[in-house]
Amino acid sequence: MRIAVLKGGDSLERGVSLRSAARIELALTGLGHEAVPVEPGPALVGRLREDRPDLAFVALRGGGEDGTVQELLEILEIPYTGPPAAACARCADRILAKHELRAAGVATPDWFALGEAAFRELGAADALGELEQRLGFPLMVKPSHGGSSLGVGLASSWFEVPAALVSAFVYDERVLLERFVAGAELTVGLLGGEVLGTVEQGVAEVASAAYEALGCAGFAQIALIASGDGPQTIELDPAPDLGESGALPRAAAAAGIGFEQLIGRIVELALSPAGA
Amino acid sequence: MEETPHRRRAPTSTRDVERYAGLFAARTGVMRSSAMRDLMAITARPEVISLAGGLPDTSTFPAGAFAAQMTRIAQESTAEALQYGPTEGFAETVDCILEVMGAEGMLPDPDDVIVTTGGQQAIDLIAKTLVDPGDVVICEAPTYPGAVPVFCSYQAETIQIDCDQDGMKIDELETVLARLDGEGRGPKFIYSVPSFQNPAGVTMSLERRRRLVELARRRELLVVEDNPYGLLRFGGEPLPPLYQLDGGDFVIYVGTLSKILSPGIRLGWAVAPPPVMEKIVLGKQASDLCSSTLTQHFVREYFGEGRWREYIAELVEIYRGRRDTMLEALGDHFPAQATWTEPEGGLFIWATLPEYIDTGDLLARALREDVAFVPGQAAYVDESRGRSSMRLNFSGVSDGEIREGVRRIGKAIAEQIELYGALTGEQEAVPEPARGDTAAEEEDAADVLPFRKAGEGSA
């Protein structure tokens, strides 16, 4: 098969994307496919029309995971790996994702979302006192969009909230302030709807419910915290790091699925009608 | 060039990759890439004005002279210039090195000198010779960002000693040494860039130089003096290098031609006492046998013409102008709350912003304006430090780029300060931070170097 590996771009996570893509290309070649590296840019649509790949492997990060490229691939009728465009858009927006999770009854820490305009034009800073009562300290401050941990900060007192907000607003106009949940940080990989590796049943159930709630398909990586009140979903990554240190490939390896096999399965899932 | 068909290597399989990964030494585990390094990679885009580099200006080197020198080498020494050379370097190269060191008052024994592939290799060879995993290495805070990966790759425990405008704080060094004594440990060496430090641009005072050298002698400790910029002084009185004060018993010296001639020729050197040198030579044999003989021939030709001092004087004029341009631009475009160093030489200015600004995040913002700098955290082993500082380079960029680059960074900072004001401005529930009182803020923030604001003069 001729598979276009979409990678790089000018996002802040270009490096992560390129490292993932390098391994993916090797695996695809090892599986007997023709891997064609493609960088997004103004010529992307023309390039894809000309190349006519049988499949697009989306290895983009930060900008490649918000559904934009997936929408284009749908217009061009090129099948692609990973969750559908709508699920990507939901996962990439932390605030939207939390609303969807809460609506579906999936446990996620309490939060409030605020836009920069609320502070600049509506005096939102005056409401921070109420936020303290509702969320307590410490609390997490995160940009709504943005991969890895860019712009994510922990504020342990009021003094630290404004600085954390300044950092978060670098990456997005909207930020969320989220209750800090103490507990072990867990990363769960799902492949075709199945939880990878040995994961405690309660955690696996919450992870699967989160995957369903956001309409994921193919594969995704879910970050949770094992709190005293049960596992809490923090966020879903529809385009996880598939590089050497990525959590999803490591979870697959622990489950006895080698990297090449993992990539093969992701390709199969992308081409299966259900995409499950 | 003859057309050679490219031989594409047979595709590496995933299994190969995993097999290699199983072979990697433990030390490669501390050589991971970080989000910050990914950000720095983006600064290489051609449209970005990069104040992040550490490049000297090589554009003014006279092309005609370069052509004549290389022609003479070809006409007179082709066979030798294309051959291997001695590990220690050619005696003629060492003579040139002695001339350069002599210009700063140092008179080492030529047998104590080894020619290396850049100053970076000298640092690597010294660490290779002295450091076992878990050994303590002491350096300045902030320190040369290129030294951090060297110490990490030999799995050293690196302890950083704060600097102020007079360089490394020797009192703090003594406290740390006493603590280590109590633990029955001691550092393998103390690494310092005493003149026009990279990244802070500060110079160690004469008094502290004397104290450091005396302390090293009293405790029989090694000091590694890295002095790439010593001859690039724009103002003030020259200070004796540590090596000169010590006489070379407890100071290992690292020099380079990178900043006073060319980094492309990759020629540096180390000067060490004979027992240490013996091991360094063995280390270099294992690393690369010898430094480039071709560029050593070029250096011999270049120094033979006797114009090297004038060339440095020209560079000093260029850099002085660019430093002044940058200082002026900082005054015009950086906020009142910012402080920065006023280097008397070298290539860098270190600026410190209000502590609520994280320069890693600021870089992400600045890259959208196509301008880059080095976030302060790159100069610390503990990456939670240096978060509100940045290193700005003025030597490798034109005056116009300096002005425009600083303007763009200043604009991004102004936005963040304004936002911070909106976030803290008119609420009663939130206690006011100590903003507006810069002096108090500086004392409170552990990582804010107490540099005076430019123009306030010094005591």
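Q: Which residues does G183(A) touch, not counting residues up to four places away in sequence?

A: Two residues are in contact if their C-beta atoms, placed from the backbone, lie within 7 Å. By that rule G183(A) touches I225(A), A226(A) and S227(A). The C-alpha atoms of G183(A) and S227(A) are separated by 4.8 Å, although the two residues are 44 apart along the chain. A word on the source: this is a predicted model, in which local features need pLDDT of at least 70 and side-chain atom pairs count only at pLDDT 80 or more, while totals for chains, interfaces and linings use all residues. Residues are numbered from 1 along each chain as its sequence is written, and chains are lettered from A in the order in which they are written.

Q: Where is G183(A) found, and is G183(A) buried or exposed?

A: Helices (H or I, at least four residues) and strands (E, at least two) are DSSP runs, numbered from the N terminus. G183(A) lies in the loop between β7 (174-179) and β8 of chain A. For burial, count the other C-beta atoms within 10 Å of a residue's own, placed from the backbone: 20 or more is buried, 12 or fewer is exposed, and in between is partly exposed. G183(A) has 14 C-beta neighbours inside 10 Å, so G183(A) counts as partly exposed.

Q: How do I read the sheet order that includes β8 of chain A?

A: Two strands pair if DSSP finds at least two bridges between them. Here the order is β9-β8-β10-β11 (chain A), an open sheet of four strands with antiparallel pairing. β9 (194-195) and β11 (230-237) of chain A stand at the edges with a single partner strand each, so one side of each has no neighbour in the sheet. Inside that order, β8 (residues 184-191) and β10 (residues 219-227) of chain A pair over eight bridges in the antiparallel sense, with T187(A) opposite A223(A).

Q: Moving to chain B, which residues lie on the two sides of β8(B)?

A: V251(B), Y253(B) and G255(B) are on one side and I252(B), V254(B) and T256(B) on the other, all buried. Because six of the six residues of β8(B) (residues 251-256) are buried, the strand is largely enclosed by the rest of the structure. For the whole chain, 46% of the 459 residues count as buried.

Q: Which strands are joined to β8(B) by bridges?

A: β7 (residues 223-226) of chain B runs parallel to β8(B), joined by four bridges, and E225(B) stands opposite Y253(B). β9 (residues 268-271) of chain B is antiparallel to β8(B), also with four bridges; there G255(B) stands opposite W269(B).

Q: What angle do α4(B) and α11(B) make when they pack?

A: Axes are lines fitted to C-alpha atoms, for helices over the stretch in contact, and angles run from 0 to 180 degrees between N-to-C directions. α4 (residues 91-102) and α11 (residues 293-304) of chain B pack at about 50°, with axes 9 Å apart. Under 35 degrees counts as roughly parallel, over 145 as roughly antiparallel, 65 to 115 as roughly perpendicular and the rest as oblique. α4(B) and α11(B) are therefore oblique to each other. The contact is made by E92(B), T93(B), C96(B) and E99(B) of α4(B) with Q296(B), V299(B), R300(B) and F303(B) of α11(B).
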